[in-house]
Amino acid sequence: MATRSSGFPRTQASRGNSCKNIFITIRQGPITGAGLTRGSQFPVALLEERDKRAQWQGIPVLLRRLHENSHPNSELSKIHSIVMELSSLLSMEAMSFVTEERKTPQESISPNTHTFHLFGGVDLFVEILMRPTLTVQGELPILSDDLIKDCLNVLYNCCICTEGVTKSLAAREDFVMFLFSLMSNKKVFLQTATLIEDILSVRKEIIQLEEVPNLASLVQSFNQQQLTNFCRILSVTISEPDVGVDDKHTLLARSTQQKTSTCPSRAESNQVSLVNIPGFIERLCKLATRKVTETADASARLELEDWHSWLDNALVMDALMQLAIEEAEQSSTESSDESSLSSSPLRHRLPQSMKIVHEIMYKVEVLYVLCVLLMGRQRNQVHRMLAEFKLIPGLNNLFDKLIWRRQTSGHVLHRQNQNCDCSPLFSPLHQEISFKIQFLRLLQSFSDHHENKYLLLSGQELNELSDIYLNANIIEMEALNNTDRNLVCDGKKGLLTRLISVMKKEPIDSSFRFWQARAVESFLRGTPSYADQVFLLRRGLLEHILYCIVDSGCKSHDVLQSYFDLLGEIMKFNIDAFKRFNKYVNSEEKFQMFLTQINSSLVDSNMLVRCIVLSLDHFESQTEDMKVAEVFSECRLLSYMAQVENRLSFLFRLTSIINVQTLTQENVSCLNTSLVILMLERRRAKLPFYLSALQEKEYAEKYPGYLLNNFHNLLRFWQHHYLNKDKDSTCLENSSCIPFTYWKETVSVLLGSGRSSCCAIASYIDEAYRDLDRDFLEL
């Protein structure tokens, strides 16, 4: 598409042109520079004649008229009627496409939109919109807000109905930047935001927010609703693209990628740009914790399922759109409380449940952006802001009335990187499910390995933790002591306690359990805290987890994995937890069922295996304590792991189910668990015995070298991966209570090159089967 007027020769410029043969015009175009630039420039007679047979609905002729009347010096308001006529021809196809939930555009289903694009309509509309920015002399043409809206709507209709339009618009950097600048116009904000979200979602490269002119002032000018809609756009710009290929998710592939790119990614740079905008995080916190205005007439409320069936009603859609328009026009209102949200008279006429879904749709986007920022490089800075602006207490106040006001049943949820087609994207059920997941992910990110996790508790619950430390004669953790009690949850119950309560009531097959368990587990991650564990034990969490694993018949691998991990954190080094375990698993039948669940997928359960091995080693050094000695002698689980053949069995399987090529963030824990087993045996000077056992296992299965060569390569990669990862190495040390120096020493010993070393893996591989030095990519 030409971007200046000289690139668009007018057919009326020379009367002689209209009489020429069309083929002569096309052939002479490259020579004269006066060729056709779009299909609508064909002679009117030819277009009208062909229209009768092709049923183009007069679209090419309309585009030709639009082309002739939209030159730089024309009065653009005169062309609005043509734009509206074209819009009416295209809008019904777009509505049909959306309501029938089609997956891909098809020419046969959207013939008008296809014809519009074929004859250069998309390029022409972009030119009309951007004309004010391209005019270099004279007065700038003034585009009315209504004309801009209609042009944007037409372009959006083309994006959803015609294949390739969105990508072609996304490739135009100037148009994308123009759309950002257009968002400063409150009257056309909604249409602009809708189009730019669609465009950015298909771009190959993430846009750089620092290149958006006056980004900070633009964001600060948004009212609360506009800021929330802007979060939908931000979610595309601050998230690393999902490559969608399993090989790209392996640690080896990521390591290779990090070598080639040492600079922060565009997503990371965009996160920095946003965090540095004054007031941005504070406003998101206020949006996330804003209350929904309660109405006095409780009988006016409708449950989500009741009004789901009449969402297609045009009056309802008009009401929602009018509500959005009225709120958008309140640009001067920057207050975050519910008074600004409820100032519109229309809002009082909407059912309470519709207001709730309206608010939920906002909060989903806000929570997602906060969650991504919490996981980014500015994590500590974001953490301080979220604490200061009381995000957690605000969410706690919303928990019962909005976040988990009722159980959501009859759904199947998917994990973070999986697509879901279970319910329409904008259905109330989908929005409520998304809201709960984003809430749980936010809690997980907030409390994971961070001292601010205690903000999830109330002042009364903090006192309970202090009492636990005092009664156990243990020094209180510094993070607990440093918690600012002005920033914790109000009332008797904090968010953590409320979350445990709803988790117990959740249907056994609900995949919410996966996210709930992850959020609670993140509170326990890091250096084991006896008081934190006891706090959860007192709320019956261990018994509930064991019920789900042993007695409930739960079949979901995701849910079981999350419960294995949570059980490991709550039991690690805690003799009271093992005593409670033995009390619940009080028969051989139950214990065998528990072992069956563990053995069904060692990738899922290996963190629990690691916890048991570490705890066993810890308790063996405390047998002079009568309480420990009593539990140690009675607990089936400790007795089982104390048997050498059982620890060897786990080691065999852990070292054989992974290799360097298949290592991911999900299964690398298997490698670390096998290392924990060997580190503890090294302390007992039994490392040679275990290496010999691995060698015997190879020969017994008539495949000499396969276990030890694989393990040797895994340890080489371990050095490559962890010795340059400060966070990962700290996590290993804190969770195991084994100094990272000992981890490194043990790996070095196992990789020793001396053939005579009894602790080097190479010493146990016969020369004929040795394959230790190849590059990782060749394995």
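This report covers the nonpolar core, one cavity and two buried helix residues of a predicted model.

**Nonpolar core**

The largest nonpolar core holds 221 residues. Phe175 and Phe180 have the most contacts inside this core. Helix H20, residues 352–374, gives the core its largest share, 11 residues. In soluble globular proteins, nonpolar side chains tend to be buried together.

Phe180 shows what such a contact set looks like. Beyond its neighbours within four places in sequence, Phe180 is in contact with Ile196, Leu200, Ile207 and Leu209. Val212, Leu218, Phe230 and Ile233 are also in contact with Phe180.

**Second largest cavity**

Searching the whole structure gives 3 cavities of 30 Å³ or more. The second largest has a volume of about 70 Å³. Its lining includes the acidic-to-basic run of names Glu521, Asp565, Glu569, Lys572 and Arg610. Gly568, Met607, Leu608, Cys611 and Ser735 line the cavity too.

Which classes make up this lining? There are 5 charged, 3 nonpolar and 2 polar residues.

Two helices each supply at least two residues of the lining: H30 (557–571) and H33 (602–620). H33 provides the largest share, 4 residues.

**Two buried helix residues**

Leu707 and Gln438 are set side by side below.

| Residue | Helix | Relative accessibility | Contacts beyond four places in sequence |
|---|---|---|---|
| Leu707 | H39 (706–722) | 3% | Phe652, Thr655, Ser656, Leu694, Lys697, Glu698 |
| Gln438 | H23 (428–447) | 11% | Val364, Leu367, Tyr368 |

Is Leu707 buried or exposed? Leu707 counts as buried because its relative accessibility is 3%, and buried means under 20%. Leu707 sits in helix H39. Leu707 touches Phe652, Thr655 and Ser656, among others. Leu694, Lys697 and Glu698 are touched as well. A C-alpha separation can be given for one further pair. Leu707 and Ile657 lie 50 residues apart along the chain, and their C-alpha atoms are 9.9 Å apart.

Gln438 belongs to helix H23. At 11% relative accessibility, Gln438 is also under the 20% cut-off, so Gln438 counts as buried. Its contacts, leaving out residues up to four places away, are Val364, Leu367 and Tyr368. Helix H20, the source of the core's largest share, spans residues 352–374.

Terms used:
Residues numbered from 1 in each chain as written. Predicted model: local features only at pLDDT ≥ 70, side-chain atom pairs only at ≥ 80, totals over all residues. Heavy atoms only, no water. 1 Å grid on protein atoms, 1.4 Å probe; cavity = no way out; pocket = protein on both sides within 12 Å on 5 of 7 lines; lining within 4 Å. Points joined across faces, edges and corners; volume = space filled by probe spheres on them. Nonpolar A, V, L, I, M, F, W, Y, C, P; charged D, E, K, R; others polar. Buried < 20%, exposed > 50% of the residue type's maximum accessible area, 1.4 Å probe, protein only. Contact = heavy atoms within 4.5 Å. Core = buried A, V, L, I, M, F, W, Y, C linked by side-chain atoms within 4.5 Å.
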